[in-house]
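Me: Could you take me through one part of this model up close? I'd like to see how it fits with the rest of the chain.

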Amino acid sequence: EFATVAEMTASSIVFPVGKKLTTKGYNSSGDGGAADYLVSANPNANGIQDHNLNFGFRAEYQPTNPINAKAFGMIDDSTPSTAKMYALNDYMKLKGLEVVSFEGVLNIMIDRSDVREAPYGHSLIIDTPITIIGGNCRIYLDPDDLIGEDERPLDERPGMVFFKQPFHITNLTFDGSANSGNALGNLETNTVVASSACAGSYMSDCKIVNSVSSAIVPACRITLRDNLFEFFGDHAIYLRSSSYTTHDGSLIVGNRIIQGNTAGRIYGGSARDLVKLADYSRNIIVSDNYIEGAIGVNVEVLSRGVSVKNNTFVTSYAGIQVADPDSTGGVNGQSLQIAGNRFFDYETIKGFPNFGAWRTRGVIFSASVDLLLEDIEITGNSFRTFNHGIQDGFNGASISGGTFNDNKFFNCRLYLYAGESKGNFIKGNKFFGFDSGL
């Protein structure tokens, strides 16, 4: 038994092949990196989880279940651990192992010392199925490695961590190392990106903070439950796709989603969507979240089976924007439900205005064409917005065929003023206050 890895590799003992060696720690005895090794005649170890011994032998790491990240040398220091994270990924892929614990590891720095997969240039790529027990560990990007503006599309921007296989993550923090100044400078680094092969991934009780572009960009079916998202740049959660099947069945439930952070909320510049369900969305539930920022949820009229329900919106521009950037007029859209949400004005709740001094609406319709909304329901919501609770007419949008029932409006209106808005079903709504009404 040895106190550390260094003591083991410095030993002058000639160990027989197959002998088990034990360390009490990685860098120091008791640092949590204790591990067992078997002596092998195969030299050329990587020096992270396998180590060269004297006399041409090798100490091969013997995995535990779950794997202990500290046995790969991740012992909470301020130097980059990118190589160690790649060694962990490669080892798990080689051995067919899937569960790793970061318990007791406080901080892991990722840099751009091993950038892969142009044009994206992700700092770290995890390409094996993985379950991470985070243990409140923080993985953060070297602030010097934020990528500058180069006009890449949102889905081609570099990520701090890119997952290529399904993941299940609990109690882990991803820190993009950004601030409001970075965002105003248009830096383009997403924090977490996931490929279409990650279908069925799950993230709970995690934090993705200080993101300068988007906090998480999953191109897959995913469950995001009880997490904290704080971002300065484009979006907190961006589900982007050109196919209805990509995110089919995704759940966004019980999260706190904030534009800014505790040091400063909305950084200004433009109205960003916190949750962007763009392009094609099907059977997605956005429920029971607290959403604070400029635009809470952006959803397109050609979505199918999307439900936005029981959320609390504290916004400065709009709680929900129903958009039609492709000018479909709502054709092929099905069963969009907006129900049981509470809408509040940012300045009223926070006590100070955001950049531009916007005052929010609840639900707005934005399109350059007339929208046929035969299968949209806005029911059972509560609107305490400074501007209108429900409003058409953005970019000339008129709406027809919508159902607006049993909502409550406090000092705000259900306001349909576009000339072609007609044939909507409005029933059972209640209006309170001097500036309320239809």
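What follows is a close look at helix α2: which of its residues are buried, and what do they pack against?

Reply: Happy to. This is a predicted model, so local features need pLDDT of at least 70 and side-chain atom pairs count only at pLDDT 80 or more, while totals for chains, interfaces and linings use all residues. Residues are numbered from 1 along each chain as its sequence is written, and side-chain values use heavy atoms, with hydrogens and water left out.

First, the setting. The protein chain has four helices and 38 strands (DSSP runs numbered from the N terminus: H or I of at least four residues for helices, E of at least two for strands). Its C-alpha trace spans about 90 × 40 × 35 Å along the principal axes. Of its 438 residues, 56% count as buried (under 20% relative accessible area; exposed is over 50%, partly exposed in between, with a 1.4 Å probe and protein chains only).

Now α2. The helix covers residues 82-95, 14 in number, and reaches 20 Å from first C-alpha to last, close to the 20 Å expected at 1.5 Å a residue (1.5 Å times one less than the number of residues). Its buried residues are Thr 82, Lys 84, Met 85, Tyr 86, Ala 87, Leu 88, Asn 89, Tyr 91 and Met 92. They pack against β4 (58-62) and β5 (67-68), which precede the helix in the numbering, and also against β6 (99-101), β7 (107-110), β8 (124-126) and β9 (130-141). Just after the helix, Gly 96 takes a positive phi of about 70°.

How does that tie into the core? The largest nonpolar core (buried Ala, Val, Leu, Ile, Met, Phe, Trp, Tyr and Cys joined through side-chain atoms within 4.5 Å) has 102 residues, and Phe 174 and Phe 365 have the most contacts inside it. Helix α2 gives the most to this core, with six residues. Apart from it lies another core of seven residues, including Val 209, Leu 228, Ile 258 and Tyr 290. In soluble globular proteins, nonpolar side chains tend to be buried together.

For a sense of distance, take Asn 68: its C-alpha is 48 Å from that of Thr 360, with the two positions 292 residues apart along the chain. Thr 360 sits in the loop between α4 (346-350) and β28 (361-366) and is buried, at 0% relative accessible area. Beyond its neighbours within four places in sequence, Thr 360 is in contact (heavy atoms within 4.5 Å) with residues including Tyr 317, Phe 344, Asp 345 and Phe 386.

One of those contacts, Asp 345, belongs to a network of salt bridges (a side-chain nitrogen of Lys or Arg within 4 Å of a carboxyl oxygen of Asp or Glu) with Glu 347 and Arg 359. In the Glu 347 and Arg 359 pair, the closest N and O atoms are 3.6 Å apart. Glu 347 lies in helix α4 and Arg 359 in the loop between α4 and β28, so the pair ties together parts 12 residues apart in sequence. Glu 347 is partly exposed at 23% relative accessibility, whereas Arg 359 counts as buried at 17%. The structure holds 10 salt bridges.
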